[in-house]
Structure formats: C-alpha cells, structure tokens
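Please walk me through this structure from one part to the next. I am new to it and would like short steps.

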Amino acid sequence: MSAPRLLLYCRAGFEKECAQEITATAAAAGVRGFVKGRPDSGFAIFQAHDDDMGVELGKRIEFRRLVFPRQLVRTGELLALAEGDRVSPISAAARSLGSRFAGLRIEMPDTNDGKSLSALAKPLTPHLEKALAKEGVVFDDDRATERLHVFFVGGLACHVGVSTIGNSSDWPMGIARLRMPSGSPSRSTLKLAEAIMQFLDEKERAQRLAPGMTAIDLGASPGGWTWQLVQRGLMVIAVDNGAMDPALLETGQVKHRRDDGFHYRPAEPVDWMVCDMVESPARIARLASQWIAQGWCAETIFNLKLPMKKRWEEVERCRGIVDEALGGGGYYLRIKHLYHDREEVTAYLARRRRELN
Ligand SMILES: C[S@@+](CC[C@H](N)C(=O)[O-])C[C@H]1O[C@@H](n2cnc3c(N)ncnc32)[C@H](O)[C@@H]1O
C-alpha cells in the first residue's frame, strides 16, 4: 500500500476551509486533485488526480504552514473491516507502510460520532499491538521518523496512514489538551497557552518569554492572556476599558491602562504585543503589522475573529495585509486554527527573517 492521500483532521464545521486550503496549497505545488470532506465530519481527504503526485505532495507539504488542519496524515484507500476481525486488515495495511514507527495512534474524528467510536477502538488497541508485533512491526522506535495512525471513521472503516515527526502535530488527534489553570481569570488563557506552545519551541519559549521581559496586552480584560505572561515573569501593560482581575494587579507585574487598543502606543519598545480584541480581522492584522513595522514590539501573537462565511478568504486577506505592510523588509507569519479557537484563528508575527525549521 502506498500513501498518496492526505488525511487532515480539523474542528468539526471547518472541513470546507481545510478543503480550500489544501487545494490551494497543492495547486501552488503543481498538484491537482479533489477533496472529500463531509460537513461536520471533523476531517477531510485530499486525493491527487495522479497518485505519484500525491505521494510527492505528501513529502513536500509543510504542516506548520497550514492553518485549518490539526493533523496531517498520509494515507491510502479507506480500509473496510469485517465484524469478526478488524485487526488483521489493519496490521497488514500498517506492514505495507513500513516496519518501524515512532508511535501508534488509534484515533477518530473529534465529533460526537467520533466519541462513540472511541469506545470501540480503545479495547482494540492491545489486540492490534499484538497483531502488529506478530507482523514484525515495531511501533515504539524512538529513532523512527514516522508515526502510525489508525483513524476510525466508522465501526467497520478506518484509514491507516503515517505522519512525519516534525511535520505533523505531536498531540494525539492533533489536539492540545490543556488543563484550565485555577488562577486564571478567564478560559481565554488556554488560547494563548496553546499559541505559545504552537509557535515557539521549548528553547524559544525559555529565551523569548523570560522573566523581566515586557509585553502589552491589547483587549486584556479580565486578564487570561495577561495571566499567562505574568506566570512567565513578564512585566505587562494591560490595555482595556474593562476591569482587570484584582489579583493580577496585586502581583506588581501588571499596569492597567483604560485606553483604546487601536490608539495606545508604548512609551518604549516592548518584547511582545498580544491582542485578543474582538474586532474585524483585517483591522487587527493591520494593527499587528503596524506594531512590527514601527518596531513597537519584537513579536506579536494576535487572534483573528473570523466571519461565519468566507473564513478561508478572510485569512488570506489578512495574510495579504501583513505582506503589504511588511513584505519589503521580511517577516515571519504563522496562522493556526488552535484547538482552543472556535470561530477564530491565532497568528504569530515577527519582523526577523526566520526559516521554517
Ligand atoms: C475576548 S475579550 C479578551 C479576553 C482576554 N484575552 C482574557 O484572556 O481574559 C476581548 C476584550 O477586548 C476588549 N476590547 C475590544 N475592543 C477594544 C478596543 N478598541 N480597545 C481596547 N480593548 C478592546 C473588550 O473590552 C474585551 O475585554
């Protein structure tokens, strides 16, 4: 079995955006194909017209550049399973994809249907592990470059595929499950926590979100994003006409400015600007670009609230705005539909030229 198709996991309701994005990405790489993505199914599949081109695309595509997919798995045809023996066809398909994997993921769409499938799939795991071992498949090899995924889409149907370590999500089902910290004044805190994990690696987090660094939080009330920065020892100016959590102000690390986030300017350059204001995405993209262009901050993370329709087009429009503002000088932009994002995406923007690694 070869793996010419791309299986993309996403939040239910965003299959269309996944389809638009993967079609555009493939077309830019010279690959034509079509997408199967049933509304609210929680996944989409790109199939190139030509299998070899599909395999090639799977090798070249960069997961980090994709906005809407949570996970990227290269797979073959849908596997039909028999009631009495689900395990044998899966282990045979796995064997045809390789013999050494860095992990085994038994997964399903993040939907209500998916939840009921997990009751079926979980008990299958030990049987599958045994069958794979019998086939000579190693699925816990730390030096292997691919993970094995079994993605159930029905009781008797699954996709068997692989993801590449470093070019896919490390999280099971592509979902960053984070526990709500008890001290945070709002659940929004999880968005910034996830964004930081998504956009910065461990070393970058330690270097660039270090104690004593400075940040501005635009649209900060009641303070979930500020709380994340305070936890990391940053000094924060929280800009919002709304109230801030008094406990945050008592830390001595937060100054509250009751001001309009579009008019506020820092007295001196800061390390970070973060922004969670509920405003039109284009206006926020323009503002973030201005902060970077003017050197008011070195890096920024901002949330773009998307319209119900034309979400993909809106993301593209925001990309265009950033490019227009910063294209001449070089910039680094990444946009992701985070697990903790709903009708929104989160972006990271910095002035420096940085290669995707
Ligand atoms: C989604 S809430 C922010 C939640 C916050 N990030 C947290 O974690 O607690 C959006 C905030 O943006 C503020 N806001 C909207 N427009 C603003 C503007 N023009 N200037 C400053 N704040 C604004 C609102 O007052 C609101 O508190």
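Start where two parts of the chain meet. Between domain 1 and domain 2, 9 residue pairs are in polar contact, counting pairs with both residues at pLDDT 80 or more. That cut-off applies because this is a predicted model. The side of domain 1 that touches domain 2 is made up of 8 nonpolar, 2 polar and 7 charged residues.

Where do the two domains run along the chain? Domain 1 spans 5–174. Domain 2 spans 189–350. Their C-alpha centres are 33 Å apart. Domain 1 gives 17 residues to the contact, and domain 2 gives 16 residues.

Charge also plays across this boundary. The interface of domain 1 and domain 2 holds 1 salt bridge by the rule used. Take the pair arginine 311 and glutamate 17. They form a salt bridge, and their closest N and O atoms are 3.2 Å apart. Arginine 311 falls within the 189–350 range of domain 2, while glutamate 17 falls within the 5–174 range of domain 1.

Next comes area. The size of an interface is often given as the accessible area lost when the parts come together. Here, domain 1 and domain 2 bury about 1500 Å² between them. Carbon and sulfur atoms account for 53% of that area. On the domain 1 side, three residues lose the most area to domain 2: Arg11, Val67 and Phe68. Together they make up 37% of what that side buries.

Now turn to the ligand. It has 17 residues around it. Which of them come nearest? They are Ser186, Gly224, Asp240, Gly261 and Asp276. By class, the shell around the ligand has 6 nonpolar, 7 polar and 4 charged residues.

Some of the ligand's atoms can be placed one by one. Begin with the backbone. A polar backbone atom of glycine 224 is 2.9 Å from an oxygen atom of the ligand. A polar backbone atom of tryptophan 225 is 3.0 Å from an oxygen atom of the ligand. Aspartate 276 uses its side chain instead: an N or O atom there is 2.8 Å from a nitrogen atom of the ligand. How much of the ligand does the protein bury? Taken alone, the ligand exposes 600 Å², and the protein buries 77% of that.

Notes:
Residues are numbered from 1 along each chain as its sequence is written. This is a predicted model: local features need pLDDT of at least 70, side-chain atom pairs count only at pLDDT 80 or more; totals for chains, interfaces and linings use all residues. Side-chain values use heavy atoms; hydrogens and water are left out. A residue is near a molecule or strand if one of its heavy atoms lies within 4 Å of it. A polar contact is a pair of N or O atoms within 3.5 Å; within protein, one must be able to donate a hydrogen and the other to accept it, and residues adjacent in sequence count only if both atoms are side-chain atoms. Accessible areas come from the Shrake-Rupley method with a 1.4 Å probe; for residues, only the protein chains shown count as cover. Ala, Val, Leu, Ile, Met, Phe, Trp, Tyr, Cys and Pro count as nonpolar, Asp, Glu, Lys and Arg as charged, and the others, Gly among them, as polar. Domain bounds come from an automatic or database domain assignment. Contact means heavy atoms within 4.5 Å. Buried area is the accessible area (1.4 Å probe) that two parts lose on being put together, summed over both. A salt bridge is a side-chain nitrogen of Lys or Arg within 4 Å of a carboxyl oxygen of Asp or Glu.
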